[in-house]
Structure formats: C-alpha cells, structure tokens
Amino acid sequence: MSTTEPDALLGPADIRELAAALGVRPTKQRGQNFVIDANTVRRIVRTAEVRPDDIVVEVGPGLGSLTLALLEAADRVVAVEIDDVLAAALPTTVAARMPERADRFALVHSDAMLVRELPGPAPTALVANLPYNVAVPVLLTMLERFPSIERTLVMVQAEVADRLAARPGNKVYGVPSVKANWYADVKRAGAIGRNVFWPAPNVDSGLVSLVRRTDPVTTRASRTEVFAVVDAAFAQRRKTLRAALAGWAGSASAAEAALVAAGISPQARGEALTVEEFAAIAENKPGGTGPGGNKPREDSGPGADTDTDPHDNNTNTASGSGE
C-alpha cells in the first residue's frame, strides 16, 4: 500500500478550488454530486475491502475524490469519465497530489455504457459513486462485460440501493434486484448522508456490495432469455404471471404451460420469484431452449452474452460523473 501525505485527498476547499479553476458547475443532467469529505471516501475504500493487488475500475470519477483514495489502497485504478473537462483534468490532479502513484492510474474518456475493454490487466473490483440517473444500467453493464470483477461497491441513491439489495417478497423487489442477483450476491453496506456532497442532493445515498457469484445460475437459458422473462414479469407487476407473461409466451395459455413446466404457480407474481425461478421459466418457453421448447441452445451463464440490453426500464444511457 502506498504511503501518502495526509493532505493528498481532496477536501471541501480543494473541490471548490478545482471546480472554479476548471469552470465546472455540477449538472443535474449528468447526476453530478461531488464528494467533498475525505473520511467518506476512505470509508468507501475500506468497505469495498480494496486490497493492494486489486485492479479497480471507477465509473464517474469527477474531480477525483474517490480516485485518490482508491490509489492509496489498490495496485492500479482505471477511471471511466464521460465529461470532457473532468476527463482532461483528472490525470493532472492525480499527478499533482499523488505523484508516486500516477503511473498506477489510467483514464478512459468515454460513456461507461459504451466501454467494452479497459487498458492494462483485467479489473478485479468496481468501486464507484454512480450518477443517480443511470446507476442501474451502468452497474449491470459493467458486471456483464467484465466478468473478472469479483467485488463491487457502489454508492447510489438510497432508494436504488434498497431496490438492488431487495429479496423476493419485498415491496421494492423488482427488475434491478433480480438482474443484480444474476451476477452477484447483493447486500446493503451502509448509508451516506447528504452533507458529504457538493452540491448536497435532495436524497440520501446508500452503499451496495456485490460479490460475484462463485456458482453462476444453473440454466440452459441464456442471460438474454432470462432477462426477457424478468422484464415481462415486472412490466405489469400487479398481474399474475399467467397474465403478465402472455405477451412473452405468445398467449396466456402458453405462459401458463411454461409456468407449470417450471414448477411455478400461474397465479404467482414476479415479486415472489428468485432469479433461479425466472431462469426455469425461460427454459420452458414454448419454442425455447429447454424441455418445453425445441430451439437449440446457443449460450448460457452470466458472461455468455455480449449484446446490450437495457437491464432496466431506464432508457437513459449517458454515464456522467457521479462524484
């Protein structure tokens, strides 16, 4: 682990000074809320259990508050930033405040939703303060495209954190909950107050921990096929699965047949099902890959598909700075 000066991290005055020098004003469009508290970013790094051999990818580094704290603890940090001004300034900030670690830092100037490869060794961890407006699709896309990511800790809006970590039967259990659980074991890892941000948001934030599943969901269906069932089930979440999956299966009777074959009551609702049960339904789609269908299996497993799906009902794909 690197030894750094006590003032290497950014405090409130540093953040405002940097922003003023760059002519940066945080924008709601990109969900920009910069962390101004050094204790908070160090807490995030501790909670993420970042190790000296970790290759950490960070999305939305902003002015570099969390980036510098990650560089203190990790072997290497790769930051993905969409904002032109912030992307241009971050390497300079790292070199000025942590020169002995500058060669351990790399910047990717891009929308995270478009990134398919990262420089250097494969990432082992994802740690990020994600922009509220695109947190779920960015998180799920990174987990899909970079299966080497073993551990993830993200700071998101408290409501989003609750949805990601929800279990079947919980009133906020839905699309993000199921899809996140396809990749990882998910849990809430703490709460973050509003006063550590500039500008202070109108909502509280939460930390979510995701540890990559050592045993992927066992299914003959592909990720895309399973996620199609999830999307259909929650598009009309108040309806029974027999009704909600009618469009997906071709008819209500075909949906019922798939549900019965999967061992699930046609009168159940999506909020009661585990990701494994959604996978069982996908396997039994009429004309599909499993016992209930006849289409040849092409792929399965968390990393099998490389096509992009929306992951959630959120269609905004910009991924600006969240820090």
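This briefing walks through the overall make-up of the protein, three helix pairs and four individual residues. Please keep in mind that the model is predicted. The protein has 12 helices and nine strands. Of its 323 residues, 56% are buried. Among contacts with a separation of 6 or more, 73% are between residues 24 or more positions apart.

**Helix 2 against helix 3**

- Let us start with helix 2 (residues 38-47) and helix 3 (residues 65-73), whose axes come within 9 Å and cross at roughly 50 degrees.
- Because of that angle, helix 2 and helix 3 count as oblique to each other.
- Helix 2 makes a right-handed crossing as it passes helix 3.
- On the helix 2 side, the residues that take part are Val41, Arg42, Ile44 and Val45. Their partners in helix 3 are Ser65, Leu66, Ala69, Leu70, Glu72 and Ala73.
- Sorted by class, this contact of helix 2 with helix 3 contains seven nonpolar, one polar and two charged residues.

**Glu72, a residue of that contact**

- Glu72 belongs to helix 3.
- Is Glu72 buried or exposed? Glu72 counts as buried, because its relative accessibility is 10% and the cut-off for buried is under 20%.
- The side chain of Glu72 is joined to the side chain of Arg42 by a polar contact of 2.7 Å.
- Both Glu72 and Arg42 also appear in the list of residues where helix 2 and helix 3 meet.

**Helix 3 against helix 4**

- Helix 3 has another neighbour to look at: its axis and that of helix 4 (residues 84-97) come within 11 Å, crossing at roughly 50 degrees.
- Helix 3 and helix 4 are therefore oblique to each other.
- Their crossing is right-handed.
- Which residues of helix 3 meet helix 4? They are Thr67, Leu68 and Leu71, and they meet Leu90, Val94 and Arg97 in helix 4.
- By class, there are four nonpolar residues, one polar and one charged in the contact of helix 3 with helix 4.

**Leu68, on helix 3**

- Leu68 is placed in helix 3.
- With a relative accessibility of 1%, Leu68 counts as buried.
- Apart from neighbours within four places in sequence, Leu68 touches Ala8, Leu9, Leu10, Val94, Arg97 and Met98. Val94 and Arg97 are among the helix 4 residues in the contact with helix 3.
- Ala102 is 34 residues from Leu68 along the chain, and their C-alpha atoms are separated by 9.9 Å.

**Arg104, in the loop after helix 4**

- Arg104 sits in the loop between helix 4 and strand 4 (105-109).
- Arg104 is partly exposed, with a relative accessible area of 33%. That value falls in the partly exposed class because buried means under 20% and exposed means over 50%.
- The C-alpha atom of Arg104 is 7.5 Å from that of Leu71, although the two residues are 33 residues apart along the chain.
- If neighbours within four places in sequence are left aside, Arg104 is in contact with Leu71, Asp75, Arg76 and Val77. Leu71 is also one of the helix 3 residues that meet helix 4.

**Helix 7 against helix 8**

- Further along the chain, helix 7 packs with helix 8 (residues 223-235) at an angle of about 160 degrees, and their axes are 10 Å apart.
- Helix 7 and helix 8 are therefore roughly antiparallel to each other, because angles over 145 degrees fall in that class.
- Helix 7 and helix 8 cross in a right-handed way.
- Helix 7 contributes Val175, Val178, Lys179, Trp182 and Tyr183 to the contact, while helix 8 contributes Arg223, Val226, Phe227, Val230, Asp231 and Phe234.
- The contact of helix 7 with helix 8 has eight nonpolar residues, three charged and no polar ones.

**Ser177, in helix 7**

- Ser177 is found in helix 7, which spans residues 175-183.
- At a relative accessible area of 2%, Ser177 is buried.
- What lies 2.4 Å from a polar atom of the side chain of Ser177? It is the backbone oxygen of Arg163.
- Setting aside neighbours within four places in sequence, Ser177 is in contact with Arg163, Leu164, Ala166 and Val172.

Methods:
Residues numbered from 1 in each chain as written. Predicted model: local features only at pLDDT ≥ 70, side-chain atom pairs only at ≥ 80, totals over all residues. Heavy atoms only, no water. Axes fitted to C-alpha atoms, helices over the stretch in contact; angles between N-to-C directions. Helix = DSSP H or I, 4+ residues; strand = E, 2+ residues; numbered from the N terminus. Parallel < 35°, antiparallel > 145°, perpendicular 65-115°, else oblique. Left-handed = near helix turned anticlockwise from the far one by under 90°. Contact = heavy atoms within 4.5 Å. Nonpolar A, V, L, I, M, F, W, Y, C, P; charged D, E, K, R; others polar. Buried < 20%, exposed > 50% of the residue type's maximum accessible area, 1.4 Å probe, protein only. Polar contact = N/O pair within 3.5 Å; in protein donor to acceptor, adjacent residues only side chain to side chain.
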